[in-house]
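Please take a moment to bring up the sequence and the 3D structure side by side. We will walk through them together at an easy pace.

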Amino acid sequence: MLKVLVPTDGSSKSQHGIRHVISEFEKNPGLEVHVLNVQPPFSKHVSDFTNKSDRADFHREQADLALAPVRQALDAAGVPYTVHYEVGDKADCIVAVARRLACDCILMSTARKSSLVRLVEHSITNQVIERSTVPVEVIAGEPASKLERFGIPAGVGAGILVLWLAAS
């Protein structure tokens, strides 16, 4: 039986990965699906003034909200799955859960971005690929908009130019 971990934040781009898992399950009904949502931890300043159970309840509520569309899609398709919640660094938690569950694959959705944007930003997907010992399958979402393809790289290039001029 193949175990697959599907980290998701409930966003529209993450739905591409869920649709892919559903189609894979139709081909292989023995697929064991584990859905993971990772919530960012509170800062020390917030943690100092709230109790642990309140923070845990808040993180669980946020995870449930994020996973609602994912659960709805998997339930509608009749795909059995197990839900996992974690709090911490997203990439570290994804890799740790995949290791703990002995998953055969991590399936991640990602937005399509230009090469320059991918070079500059250190995405969660890239971090998981770097840290994971199991294969990571990346499902691309919709194509990047013209603003993302041209505007953001131009803005990044202009920012680098300004920094370079300021350093000279």
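What follows is a short tour, from the overall layout to individual helices and residues.

This is a predicted model, in which local features need pLDDT of at least 70 and side-chain atom pairs count only at pLDDT 80 or more, while totals for chains, interfaces and linings use all residues. Residues are numbered from 1 along each chain as its sequence is written, and side-chain values use heavy atoms, with hydrogens and water left out.

Let us begin with the whole chain. The protein chain holds seven helices and five strands, where helices (H or I, at least four residues) and strands (E, at least two) are DSSP runs numbered from the N terminus. Following the sequence, you meet them in the order β-α-β-α-α-β-α-β-α-α-β-α. Of the 168 residues, 35% are buried, meaning under 20% relative accessible area with a 1.4 Å probe, protein chains only. Contacts here are heavy atoms within 4.5 Å. Among contacts between residues at least 6 apart in sequence, 78% join residues at least 24 apart.

Now find helix α3, which covers residues 52-77 and has 26 residues. From first C-alpha to last, α3 reaches 36 Å, close to the 38 Å expected at 1.5 Å a residue; the expected span is 1.5 Å times one less than the number of residues. Look for a bend of about 45° at L67, with the proline P69 following within four residues. The bend is the angle between axes fitted to the seven residues ending at a residue and the seven starting there. The buried residues of α3 are R55, H59, A63, A66, L67, V70 and L74, and they pack against α1 (14-27), β2 (32-39), α2 (44-48) and β3 (81-87). Just after α3, G78 takes a positive phi of about 75°.

One of those partners, α1, deserves its own look. Its 14 residues should span 20 Å at 1.5 Å a residue, and the end C-alpha atoms are 21 Å apart, which agrees. Buried residues of α1 include H16, G17, H20, V21 and F25. The buried part of α1 packs against β1 (3-7), β2, α3, β4 and β5 (136-140).

How do α1 and α3 sit relative to each other? Their axes come within 10 Å and cross at roughly 20°, where axes are lines fitted to C-alpha atoms, for helices over the stretch in contact, and angles run from 0 to 180 degrees between N-to-C directions. That makes α1 roughly parallel to α3, the term for angles under 35 degrees. Q15, I18 and I22 of α1 make the contact with P69, V70, A73, L74 and A77 of α3.

A second helix pair is α4 (residues 90-100) and α6 (residues 124-131), whose axes come within 9 Å and cross at roughly 45°. These two are therefore oblique to each other, oblique being any angle outside the ranges under 35, 65 to 115 and over 145 degrees. On the α4 side, K90, A91, D92, I94, V95 and R99 meet I124, Q127, V128 and R131 of α6.

Staying in α6, you will find T125, which counts as buried because its relative accessibility is 8%. Leaving aside residues up to four places away in sequence, T125 touches M108, S109, T110 and V138. The C-alpha atoms of T125 and S109 are separated by 8.2 Å, although these residues are 16 apart along the chain.

Finally, visit A102 in the loop between α4 and β4 (105-110). Its phi is near 55°, a positive value in a residue other than glycine.

Terms used:
Buried means under 20% relative accessible area, exposed over 50%, partly exposed in between (1.4 Å probe, protein chains only).
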